[in-house]
Amino acid sequence: MNDSASPATDDRIVEDTVGFNAVLGFKLVEWTAQSAVMELPIQPIHLNRSNTLHGGILATLIDAACGYAGVWMPQGEPIRKTVTLTLTTNFVGQVREGTIRAVALKKGGGRNIFFASCEVLDADGNLLAMGEGS
């Protein structure tokens, strides 16, 4: 994460993704104290040999969204970072084009470890994958 956070509505702060998340094209579009929403416009580079979205993209998107869901901070506060301890992913649908949306919710935790879950939906609201992480 970087220091270029800008305020949005309510308690939401949205920032630009960096590193691997930026290379893949992930966009953080909503971020609150208990949730994060990320989107990805599917490009040909995201597809597998079957011409469908690669499962690794879905798993990485779940990982990133869950991470953001647990490290929100009010504007002006020090940036919080996270590493993934566990990640489970279930694939339940396929998509070839459009924009997908990952909705992650912080479920609980303590001072140093938190738990989050995420669902990834296609543009029509169909479930593509779900996962949980700590």
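This briefing covers pockets, a cavity, a surface patch, a salt bridge and a few single residues.

The model is predicted. Its largest pocket holds about 290 Å³ of space. The second largest pocket holds about 210 Å³. There is one cavity of 30 Å³ or more, and one salt bridge. The salt bridge pairs glutamate 39 with arginine 101.

**Largest pocket**

- The space in this pocket comes to about 290 Å³.
- Its lining has 15 residues, and Asn21, Ala64, Gly67, Tyr68 and Thr82 are the closest to the centre.
- Two helices, α1 (19–24) and α2 (55–69), each give at least two residues to the lining of the largest pocket.
- Helix α2 provides the largest share of that lining, with five residues.
- By type, the lining of the largest pocket splits into seven nonpolar, five polar and three charged residues.

**Second largest pocket**

- About 210 Å³ of space lies here.
- The second largest pocket is lined by 14 residues, and the closest to its centre are Lys81, Thr82, Asn112, Ile113 and Phe114.
- Its lining consists of five nonpolar, five polar and four charged residues.
- Thr82 is thus named twice: among the residues closest to the centre of the largest pocket, and among those closest to the centre of the second largest pocket.

**Cavity**

- The structure has one cavity of 30 Å³ or more.
- The largest cavity contains about 80 Å³ of space.
- Rolling a probe the size of a water molecule over the atoms is what shows where empty space is left.
- Residues lining the largest cavity include Asp63, Cys66 and Gly67. Thr82, Val83, Thr84, Thr86 and Leu87 also line the cavity. So do Phe114, Gly133 and Ser134.
- Helix α2 gives the largest share of the cavity lining, three residues.
- The cavity lining divides into four nonpolar, six polar and one charged residue.
- Gly67 and Thr82 line this cavity, and both are listed among the residues closest to the centre of the largest pocket.
- Phe114 also lines the cavity, and is listed among the residues closest to the centre of the second largest pocket.

**Aspartate 63**

- Aspartate 63 sits in helix α2 and lines the largest cavity.
- Its relative accessible area is 27%, so aspartate 63 counts as partly exposed.
- The C-alpha atoms of aspartate 63 and valine 120 are 11 Å apart, with their positions 57 residues apart along the chain.

**Nonpolar surface patch**

- Val83, Leu85, Ile113 and Phe115 make a nonpolar surface patch of about 410 Å².
- Isoleucine 113 is in the loop that connects β6 (99–109) and β7 (114–121).
- Isoleucine 113 is partly exposed, because its relative accessible area is 41%.
- Ile113 is also one of the residues closest to the centre of the second largest pocket.
- Val83 has a second role in this list, as part of the cavity lining.

**Salt bridge**

- Which residues form the salt bridge? Glutamate 39 pairs with arginine 101, and the closest N and O atoms are 2.4 Å apart.
- Glutamate 39 is in strand β4 (residues 35–41) and arginine 101 is in strand β6, so the pair ties together parts that are 62 residues apart in sequence.
- Glutamate 39 is partly exposed at 23% relative accessible area.
- Arginine 101 is partly exposed at 31% relative accessible area.

**Backbone at asparagine 51**

- Most residues other than glycine have a negative phi.
- Asparagine 51 has a positive phi, near 65 degrees.
- Asparagine 51 belongs to the loop between β4 and α2.
- With 43% relative accessibility, asparagine 51 is partly exposed.

**Two strand residues**

- Threonine 99 lies in strand β6.
- Threonine 99 is partly exposed, with 33% relative accessibility.
- The C-alpha atoms of threonine 99 and alanine 123 are separated by 5.8 Å, although the residues are 24 apart along the chain.
- Methionine 130 lies in strand β8 (residues 127–133).
- Methionine 130 is partly exposed, with a relative accessible area of 30%.
- Methionine 130 and glycine 93 are 37 residues apart along the chain, and their C-alpha atoms are separated by 10 Å.

Notes
Residues are numbered from 1 along each chain as its sequence is written. This is a predicted model: local features need pLDDT of at least 70, side-chain atom pairs count only at pLDDT 80 or more; totals for chains, interfaces and linings use all residues. Side-chain values use heavy atoms; hydrogens and water are left out. On a 1 Å grid over the protein atoms alone, a cavity is a set of points where a 1.4 Å probe fits but cannot get out, and a pocket is an open set with protein on both sides within 12 Å along at least five of seven lines; lining residues have an atom within 4 Å of a point. Grid points are joined across faces, edges and corners, and a volume is the space filled by probe spheres set on the points. Helices (H or I, at least four residues) and strands (E, at least two) are DSSP runs, numbered from the N terminus. Ala, Val, Leu, Ile, Met, Phe, Trp, Tyr, Cys and Pro count as nonpolar, Asp, Glu, Lys and Arg as charged, and the others, Gly among them, as polar. Patches are made of residues with over 30% relative accessible area and no salt bridge: like charges are joined within 9 Å, nonpolar side chains (Val, Leu, Ile, Met, Phe, Trp, Tyr) within 5 Å. Accessible areas come from the Shrake-Rupley method with a 1.4 Å probe; for residues, only the protein chains shown count as cover. A salt bridge is a side-chain nitrogen of Lys or Arg within 4 Å of a carboxyl oxygen of Asp or Glu. Buried means under 20% relative accessible area, exposed over 50%, partly exposed in between (1.4 Å probe, protein chains only).
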